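New to this one? Let's walk through it together, one question at a time.

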Amino acid sequence: MARAKGIPAMKPASSAFDVTEEARLVVVVAMSARSGSSWLVEQLKQSGDFVHFRGELTTFLRAHGLTPQSPPPVSEALTAPDAARADIAFRRDLSLEVGTPLDRIDDPERFVQDILRRLPLQWPSLDFSGTEGLVRAAVSEVAVASGPFDAVSFSAALLGRLAQVLPLDPHFHDFGQEPDAAADLRYPFSHVLESPPFLLFAPWRRAEAADLRDKPLIIKSAGDVYRLDFYRALFPHAQLRVLHLRRNPAASINGLMNAWLSRKYQSFRVGGLAIAGYSERAAWRREWWKLDLAPGWQAYRDAPLERLCEWQWRSAQEAVLDWCAANGQQPFVARYEEMAASPEARAELIAGLCDWLAVPRFVPAPTRLVNASIAPRQGAWRSRAAQIVPLVESAACRAAAIRLGYGADHRDWI
C-alpha cells in the first residue's frame, strides 16, 4: 500500500511488537464530534490501567492512504475488508504510538525522535529535514528539569523557534485558545493528516506487548463510528467494546458550529463549498471541510451551517445505535452532561466505566482544557436558539434524541 501523494515519510523507527496482533480488548469511544471525548480520554489517561494512542488514528489512516486525501473520498467510512489494506508500515506506526503519558522525560533521544515523527504529520506541506538541531536543543534544555514536564511551555518555546525558519503558525496547536479573528495566520496547508488543533509535545511511555494483553486499549477519533467493523477486523484477537458518549442535540449542534467557525478542525480540502454561515467568511472556507467526512456529506456542500451540523451530529449518533443493535452490543453509555455536572458526578461516571472494564477504580484530577474551540459553558446553545430550536424540533432530530434517552423536550437541556 503506497503512501498518499505528497505525504512525507515519517522518521524511521521500529517497534518490538504489532499492536494489532497483541491487543485483547479494544474500547472504541463512539460519538459525534464535539461531544467531550477528548476531555473524557484525558481523564482516563491518568490511570495506568489503560493504554492509548498518542493521538487519533485518523491521522495514520490518512498518512497511509487508507483514507485518501486526493481526490476526497466518498467518506471516511471503512469496512472489515479494508483491514486487508493495512500494511506492515501502517501497523508499525500504530505500534509506536501506543502507550501512556509521562510527567517527565525518561529518554531524551526517544523524545526527540517522537517529535521529529510528529511534526510532518501536523505540517505535511513543510520540510523539517533541517530542524533536528532545533528540536534536540529544545529537549536538552528541559531534560534535566526536576519538576513535572510542562507541555504547554515546552511546545510554545519549540514552535516559536521553528516558526522563525518555517512558515508554521503555533496557533494551530492545542494551546486552548483561539487567535484573534483579525490575525493574519500563516496557513501553509495543501492537505492535513492530523487535524488541528495539533497535539502538544510531551513525553510518552511506549507500551509493551504485555500491556496490550492485560489492559484495555482506548481508541478515540471523530469518524470512528463509521469504522467499527474495520477495527474489529484490524484487531483480530481482541474483543471490541463500545463506549457510547452522548450529548444532547442542541449542545452538540452548537459545539459543532463553534468548531466550523473556528480557525481549526480542518479535515479535507474538498473545494466547491457554499455553506451559508461558513463559506462566505474567508476564501479558504470554500475549500475546507471540517471534522468527520461522513457518508452522504456531499448533500451538505451548500446547506446552511446549522443544518449541516444537525446532520453531522445525528448521522454519527445513529451510526453507533444502529451498529450496536445489529451486532448485539450493549455499550457503556456516558453522557457529557454527567461529566460536566460536578467533579463528583464525573468521578462516579468513571468509576462505573472502570467496573465495566474490570479495571481498578481511580478518582480523576482536574485536567487542562484540551481540543476546545471555546471554553465550555452550560446552556451555551441558547444564544443560537433561533437557529437550533427548529432543528431539534424536527421529526428526524426528535426521533434520534428519544433513541439516545434525551426525550423530545429541549427546555431542560444544558
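Here is a short round of questions and answers on this predicted model.

Q: How many helices and strands does the protein chain have?
A: Start with the secondary structure, since that's what catches the eye. The protein chain has nine strands, and its helices come to 15.

Q: What is the radius of gyration of the protein chain, and is it as compact as a globular protein of that length?
A: For 414 residues, the globule rule gives 22 Å. The chain's own value is close to that, so it is as compact as a globular protein of that length. Its C-alpha trace spans about 55 × 50 × 45 Å along the principal axes. The radius of gyration is 21 Å.

Q: What share of the residues of the protein chain count as buried?
A: To count as buried, a residue needs a relative accessible area under 20%. Taken over the 414 residues of the chain, the buried share is 57%.

Q: Which residues of helix α2 are buried?
A: Helix α2 runs over residues 37–44 and is mostly covered, with six of its eight residues buried. The cover over them includes β1, β2, β5, β6, α12 and α13. The buried ones are Ser37, Ser38, Leu40, Val41, Gln43 and Leu44.

Q: Is Lys45 buried or exposed?
A: Lys45 sits in the loop between α2 and β2. Leaving aside neighbours within four places in sequence, Lys45 is in contact with His52, Phe53, Arg54, Pro101 and Trp204. Its relative accessible area is 17%, and the cut-off for buried is under 20%. So Lys45 is buried.

Q: How far apart in space are Arg92 and Ser75, C-alpha to C-alpha?
A: Arg92 belongs to helix α4, residues 88–97, and is partly exposed with a relative accessible area of 24%. In sequence, Arg92 and Ser75 are 17 residues apart. In space, C-alpha to C-alpha, the two are apart by 25 Å.

Q: How far apart are the mean positions of the positive and negative charges?
A: The protein chain has 48 positive charges and 47 negative ones. Take the mean position of each set, and the two lie apart by 2 Å.

Q: Over which residues is the pLDDT below 50?
A: The protein chain averages a pLDDT of 92, and 93% of the residues score at least 70. One stretch falls below 50, though it has 35 contacts in the model beyond near neighbours in sequence. That stretch is residues 1–12.

Methods
Residues numbered from 1 in each chain as written. Predicted model: local features only at pLDDT ≥ 70, side-chain atom pairs only at ≥ 80, totals over all residues. Heavy atoms only, no water. Helix = DSSP H or I, 4+ residues; strand = E, 2+ residues; numbered from the N terminus. Rg over C-alpha atoms; globule rule 2.2 N^0.38 Å. Buried < 20%, exposed > 50% of the residue type's maximum accessible area, 1.4 Å probe, protein only. Lys, Arg positive; Asp, Glu negative; His and termini not counted. Charge placed at Lys NZ, Arg CZ, Asp CG, Glu CD. Contact = heavy atoms within 4.5 Å. pLDDT = per-residue confidence, 0-100.
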